[in-house]
Amino acid sequence: MFERFTQDARAVVKGSVEYAERTGAASVTGEHLLLALLDREESRAAAALRELCPPDRRPAVAAALADARRRAGLSRADAEALEGLGIDVGAIVARVEEAHGRGALAGGRRGAGWRSGRRSFSREAKTVLEKSLRIALARKDREIGDEHVLLALTTAGGVVAEVLADHGVTYTSVEAALSVPVAH
């Protein structure tokens, strides 16, 4: 599959691995793919993200991802559903962090993904990359670009898709942004 990736898509995958390494994560996740996409400057996905989520709004994206990480990866919707059942996720997080330090529930730290010396990809990240292939095929594109990775992230569900949607980045909005010619 990776032979079909454009240079931009390969740069996103490589950047996601670098994010995982810098943060000491056990594996590359959808969050790392999104952060690598947000770093891109000259690509189709970068142009769409610039339009939909300007650079001044990106710290809010990073903060939302960090909040979800502190909640052990629970999306805001999951936390609200649990609250409806009488479970206060915020209070649980606060008590665990009081006893074990900030970010104690973040998990996914060094160890599990380091067997061969190469960073492994989480099930979530693999699903995103597989969806990017399916999206490219459905759009009759010959290669998988970083725009396909972005579109896949919007459909993957979970925290990353929720954070993107909260910031106006949905499958529909990305498709619309991609249909506008890129100015050079």
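## Helix packing exercises

The buried residues of helix H9 pack against H2, H4, helix H5 (76-84), H7 and H8. The model is predicted: local features need pLDDT of at least 70, side-chain atom pairs count only at pLDDT 80 or more, and totals for chains, interfaces and linings use all residues. Residues are numbered from 1 along each chain as its sequence is written, and side-chain values use heavy atoms, with hydrogens and water left out.

**Exercise 1. List the buried residues of H9, then find the glycine that follows this helix.**

Step 1. H9 spans residues 158-166. Helices are DSSP runs (H or I, at least four residues), strands likewise (E, at least two), numbered from the N terminus.
Step 2. Apply the cut-offs: buried is under 20% relative accessible area, exposed over 50%, partly exposed in between (1.4 Å probe, protein chains only).
Step 3. Val-159, Val-160, Ala-161, Glu-162, Val-163 and Leu-164 are the buried residues of H9.
Step 4. Gly-168 comes just after H9, with a positive phi of about 80 degrees.

**Exercise 2. Give the overall layout of the chain.**

Step 1. Count the elements: ten helices and two strands.
Step 2. Order them along the sequence: α-β-α-α-α-α-α-β-α-α-α-α.
Step 3. Of the 184 residues, 42% count as buried.
Step 4. Take the contacts (heavy atoms within 4.5 Å). Among those with a separation of 6 or more, 67% join residues 24 or more positions apart.
Step 5. The exposed area of the chain is about 10,100 Å², and carbon and sulfur atoms supply 52% of it. This area comes from the Shrake-Rupley method with a 1.4 Å probe; for residues, only the protein chains shown count as cover.

**Exercise 3. Classify the packing of H2 with H4.**

Step 1. Locate the pair: H2 covers residues 30-39 and H4 covers residues 58-70.
Step 2. The angle is about 170 degrees, and the axes lie 12 Å apart. Axes are lines fitted to C-alpha atoms, for helices over the stretch in contact; angles run from 0 to 180 degrees between N-to-C directions.
Step 3. Under 35 degrees is roughly parallel, over 145 roughly antiparallel, 65 to 115 roughly perpendicular and the rest oblique. H2 and H4 are therefore roughly antiparallel.
Step 4. Glu-31, Leu-34, Leu-35 and Leu-38 in H2 meet Arg-58, Val-61, Leu-65 and Arg-69 in H4.
Step 5. The residues of this contact divide into five nonpolar, no polar and three charged. Here Ala, Val, Leu, Ile, Met, Phe, Trp, Tyr, Cys and Pro count as nonpolar, Asp, Glu, Lys and Arg as charged, and the others, Gly among them, as polar.

**Exercise 4. Describe the surroundings of Gly-30.**

Step 1. Gly-30 is found in H2.
Step 2. Its relative accessibility is 0%, so Gly-30 counts as buried.
Step 3. Beyond its neighbours within four places in sequence, Gly-30 contacts Ser-122, Glu-124, Ala-125, Leu-153 and Val-160.
Step 4. Phe-121 is 91 residues away along the chain, yet the C-alpha atoms of Gly-30 and Phe-121 are separated by 9.1 Å.

**Exercise 5. Do likewise for Ser-16.**

Step 1. Ser-16 is found in helix H1 (residues 7-23).
Step 2. Ser-16 is buried, at 0% relative accessible area.
Step 3. Leaving aside neighbours within four places in sequence, Ser-16 touches Val-28, His-32, Leu-33, Ala-36 and Phe-121.

**Exercise 6. Place Lys-140 and check its phi.**

Step 1. Lys-140 lies in the loop between helix H7 (123-138) and H8.
Step 2. Phi of Lys-140 is near 60 degrees, a positive value in a residue other than glycine.
Step 3. With 71% relative accessibility, Lys-140 counts as exposed.
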